Amino acid sequence: MIRVFENLQNLSQAAAAIFVEQAQQALAKGRFSVALSGGETPRQTYELLARSPYMDEVPWHIVHFFWGDERWVPLSDPRSNARMVREVLLDHIPVPDDQIHPMYRSGMSAENGANAYDHELRQFFYGERQLFDLVFLGLGKNGHTASLFPHTPVLNNRQDWVDAVCLEDQHLERVTLTPEAINRSAQVVFLVNGPSKAEVLHQVLEGPSQPDNLPAQLIQPVSNELFWLVDEAAAAKLSNATQYDTSALR
Ligand code: 6PG
């Protein structure tokens, strides 16, 4: 399902509404697990969730925050995804600390940190058929999502739920959920905005299957609950043949 929005603000409001709706639906089972995306696009969504009306509608006592990926840097580092979420959301809402599950662990290598997070997830989801209730993802201009970058070994990791990624060009190690973990989640929502994403969005959604070049194509949740929230600029190269809902534009 692709929904096109006039701008990032409307897109972010829809994303925040999905979070509220899914969290409320999870009340019956007593916990709501969400894996957050890094990058800039989801920032407005997180800011909205930290303010009325959205903040007042979320049953925060059942919410567990995880991350889809993390740069392997301390939480104080401006590149940290957890730092951004803490600044714009976590410091403003009443979620118990033991329900916030950052990926980064100081004093550990990315590889050992990935193993530790994998273990934490297997404990948290023990006996569950599905993993996260909701996963937010972004889309990089090169077709990456989370830290699933083109031509990296993690794309073929079918065993683990979490893996370490070494990006030579960025001189940075990252830890990421694997496609296996994302695809076992109940609902996956991509947030994509801006003209710079128009070409890659067209390639991912309408081009040939080439997941090693466009890892976002690996995201095919077993639940089939896959949503693309995109703004008009990012949707500019989508053909008319692609069925998308523009009701949000009105
Ligand atoms: C990260 C993100 C990454 C991001 C995309 C899009 O850690 O960098 O998880 O996958 O979602 O790069 O980033 P923007 O939203 O900033 O375009």
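1. Around the ligand of this predicted model there are 15 residues, and those that come nearest are Glu 40, Thr 41, Asp 69, Ala 146 and Lys 197. Several side chains place polar atoms by the oxygen atoms of the ligand: for Arg 71 the distance from an N or O atom of the side chain to a ligand oxygen is 2.8 Å, for Asn 81 the corresponding distance is 2.9 Å, and for Arg 174 a polar side-chain atom lies 3.3 Å from a ligand oxygen. Taken alone, the ligand would expose 420 Å², and 87% of that area is buried by the protein.

2. Glu 40, one of the residues that come nearest to the ligand, also has a partner within the protein, since its side chain meets that of Arg 43 in a salt bridge with an N to O distance of 2.9 Å. The two partners fall into separate accessibility classes: Glu 40 counts as exposed because its relative accessibility is 54%, over the 50% limit, whereas Arg 43, with a relative accessible area of 26%, is partly exposed.

3. The pair just described belongs to a wider set, as the structure holds ten salt bridges. Another of them joins Arg 79 to Asp 77, with the closest N and O atoms 2.9 Å apart. Is each partner here buried or partly exposed? Arg 79 is partly exposed, at a relative accessible area of 40%, while Asp 77 counts as buried, because its 15% lies under the limit of 20%.

4. A further salt bridge links Glu 87 with Arg 83, where the closest N and O atoms are 3.0 Å apart. Both residues belong to helix α4, which covers residues 81-88, and they stand four residues apart, or about one turn of the helix. Glu 87 has a relative accessible area of 40% and is partly exposed, and Arg 83, at 28% relative accessibility, also counts as partly exposed.

5. Beyond that helix, attention may turn to His 101, which is found in the loop between α4 and α5, the latter spanning 110-124. His 101 counts as buried, with a relative accessibility of 9%, and its side chain makes a polar contact of 2.8 Å with the side chain of Glu 120. When neighbours within four places in sequence are left aside, the residues in contact with His 101 include the run His 64, Phe 65, Phe 66 and Trp 67, together with Tyr 117, Glu 120 and Phe 124.

6. Trp 72 has its place in the loop between β4 (69-71) and α4, and at a relative accessible area of 12% this residue is buried. A polar atom of the Trp 72 side chain lies 2.8 Å from the backbone oxygen of Met 108. Not counting residues up to four places away in sequence, Trp 72 touches, among others, Met 103, Tyr 104, Arg 105, Met 108, Glu 173, Arg 174 and Val 175; Arg 174 is also the residue with a polar side-chain atom 3.3 Å from a ligand oxygen.

7. Finally, Gln 187 lies in the loop between α6 (179-183) and β8 (188-192), where it is buried, with a relative accessible area of 7%. Setting aside neighbours within four places in sequence, Gln 187 is in contact with residues that include Ile 18 and Gln 22, the run Phe 132, Asp 133, Leu 134 and Val 135, and also Ser 223, Glu 225 and Phe 227.

Conventions:
Residues numbered from 1 in each chain as written. Predicted model: local features only at pLDDT ≥ 70, side-chain atom pairs only at ≥ 80, totals over all residues. Heavy atoms only, no water. Salt bridge = Lys/Arg side-chain N within 4 Å of Asp/Glu carboxyl O. Buried < 20%, exposed > 50% of the residue type's maximum accessible area, 1.4 Å probe, protein only. Helix = DSSP H or I, 4+ residues; strand = E, 2+ residues; numbered from the N terminus. Polar contact = N/O pair within 3.5 Å; in protein donor to acceptor, adjacent residues only side chain to side chain. Contact = heavy atoms within 4.5 Å. Near = heavy atom within 4 Å. Areas by Shrake-Rupley, 256 points an atom, 1.4 Å probe, with all protein chains shown as cover.
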